[in-house]
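Dear colleague,

Please find below the sequence and the structure that I am handing over to you. My findings follow directly after it.

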Amino acid sequence: MQEWLSGVVSTVTEPSTLAGQRVNLALATWVSAINFWAWNMIGPLSTTYAGDLSLSSTQASMLVATPILVGAVGRIAVGSLTDRFGGRIMFIAICLASILPVLAVGIAGTVHSYPLLLVFGFFLGIAGTVFAVGIPFANSWYEPARRGFATGVFGAGMVGTALSAFFTPRFVGWFGLLTTHVVIAVALAVTALVCVLVMRNSPMFTPNTDPVLPKLKAAAKLGVTWEMCFLYAVVFGGFVAFSNYLPTYIKTVYGFSPVDAGARTAAFALAAVVARPIGGALSDRIPPKFVVLVSLAGTALMAFIAVFQPPPDLWSAATFIALALFLGMGTGGVFAWVSRRAPASSVGSVTGIVAAAGGLGGYFPPLVMGATYDPADNDYTFGLLLLVATALVALAYTAVRLHAREPVARDGPGVAT
């Protein structure tokens, strides 16, 4: 206990002396936001595609879920590559690699081809891998005592989902479908150029040139990796699933137009974005376990209330915004926990695996919601009850199995697992 306290005190008293940390953190957050917007280009238009292409509930769910899957699995490799090449190169690479899929999805939507939307939506998932770059990048710029804050601020780049939900349907109405995708492609190109000119890796960054597979294998042997995978699959997976599927849910259950459903989904995503840095900052001051416990308890409660379809607009909005706040707080808390426990040289690899688990956690719920939708009663009771049960299991596991206080992560055999 004394050793733990001395470690925490020493990290709290370390000054923030790295010049440029704020600029680089802000730029990284923007890179995340524009890539999250690109990643979420299909979700806000899913109801439009479903109507234009006469898609079933299952087909529409597949369309929404496909980019999520690739964005999740791709994070494993991207996290390890970030350990090797640094965040600057990887941010630039992901922005550039996302341009063609964004344009291709716009073309597929314009020619009304469901197979092409699925194929190009698969590659659109590249944009979703950006998260595995930003966490180790933010960590390297800040001392351990402020990494919860840093990762929380970077995580606010999730606002890209809110921007997409709110603006994408409106842009399509104002400019047309293909032009909307061209606008986002240009934004990605400009962002990459700004990264080339302005962004720098932290002076504290040390490339890990070990082969990727052994690094992933080593990260997979850490207990912290799989514990955080489970928790992040619940909180971030819940956020991703609702951010992508909520337009369909709102239109189906409440009968709102795509634009109105997008505005309400944007409010959900924005609430989660606001809550994420709060969760991270709280985890710098109190053990992250308690932040995660509150998140999981609130998630279970709000999902249970949603089962009863609160009437629009006040009560349904309050329910889903509260759900978003709890999920967002949990995402900040979990990655603050990762930053404290993972070895510094392996943060990218651990982050990649954990972020992949979060993405996979967001892949399956839209499929479940589409497959279990009851058209007779117009409800999604089964899918929502699964979220309640999953959150309660995670709550019990966190309360019973995980320690509230652990040593701050150090490289070497002393790292807590």
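Helix H15 is mostly covered, with 21 of its 28 residues buried. Please note from the outset that this is a predicted model, and that every value below was computed from it.

The helix H15 covers residues 314-341. Between its first and last C-alpha atoms H15 reaches 41 Å, close to the 40 Å expected at 1.5 Å a residue. The loop between H14 and H15 contains aspartate 313. That residue takes part in a cis peptide bond with proline 312, for which omega is about -5°. You may wish to look at this peptide when you open the file.

On the other side of that loop is helix H14, which spans residues 288-306 and includes phenylalanine 290. Is phenylalanine 290 buried or partly exposed? Its relative accessibility is 38%, so phenylalanine 290 counts as partly exposed. Glycine 333 is 43 residues from phenylalanine 290 in sequence, and the two C-alpha atoms are 8.7 Å apart in space.

Helix H4 deserves a separate paragraph. The helix runs over residues 57-85, which makes 29 residues, and it reaches 42 Å from its first C-alpha to its last, close to the 42 Å expected at 1.5 Å a residue. Where is the kink in H4 centred? The kink is centred on arginine 75 and amounts to about 35°. Just after H4 comes glycine 86, which takes a positive phi of about 90°.

Two residues that are not glycines also have a positive phi, and I list them here for your attention.

- Serine 54 has a phi of about 55°. The residue lies in the loop between helix H3 (46-52) and H4. With a relative accessible area of 62%, serine 54 is exposed.
- Histidine 112 has a phi of about 60°. Its place is the loop between helix H5 (87-110) and helix H6 (114-124).

I turn next to the cysteines. How many disulfides does the structure hold? The number is zero. Cysteine 95 is in no disulfide, and the nearest cysteine sulfur, which belongs to cysteine 195, is 5.5 Å away. Why is there no bond between cysteine 195 and cysteine 95? The sulfur of cysteine 195 has its closest cysteine sulfur in cysteine 95, and at 5.5 Å that is too far for a bond; a disulfide would require the two sulfur atoms to be within 2.5 Å. As for their surroundings, cysteine 95 counts as buried because its relative accessibility is 0%. Cysteine 195 is likewise buried, with a relative accessible area of 0%.

The second largest pocket may be of interest for your own calculations. About 360 Å³ of space lies in this pocket. Its lining is made up of 19 residues, and those nearest the centre are Gly361, Pro365, Leu386, Leu387 and Thr390. Which helices supply at least two residues each to the lining of the second largest pocket? Helix H12 (223-254), helix H16 (347-372) and helix H17 (381-401) each do so. By class, the lining of the second largest pocket consists of 14 nonpolar and five polar residues, with no charged residues.

Finally, two further positions come with C-alpha distances to residues elsewhere along the chain.

- Glycine 176 lies in the loop between helix H9 (159-175) and helix H10 (177-198). Glycine 176 counts as partly exposed, at 23% relative accessibility. From glycine 176 to threonine 110 there are 66 residues in sequence, whereas in space their C-alpha atoms are 9.2 Å apart.
- Proline 258 lies in helix H13, which covers residues 258-285. Proline 258 counts as partly exposed, at 26% relative accessibility. The C-alpha atom of proline 258 is separated by 33 Å from that of isoleucine 135, and the two residues are 123 residues apart along the chain.

With kind regards

Definitions and conventions: Residues numbered from 1 in each chain as written. Predicted model: local features only at pLDDT ≥ 70, side-chain atom pairs only at ≥ 80, totals over all residues. Heavy atoms only, no water. Buried < 20%, exposed > 50% of the residue type's maximum accessible area, 1.4 Å probe, protein only. 1 Å grid on protein atoms, 1.4 Å probe; cavity = no way out; pocket = protein on both sides within 12 Å on 5 of 7 lines; lining within 4 Å. Points joined across faces, edges and corners; volume = space filled by probe spheres on them. Helix = DSSP H or I, 4+ residues; strand = E, 2+ residues; numbered from the N terminus. Nonpolar A, V, L, I, M, F, W, Y, C, P; charged D, E, K, R; others polar. Expected span 1.5 Å × (residues − 1). Bend = angle between axes of the 7 residues up to and from the residue.
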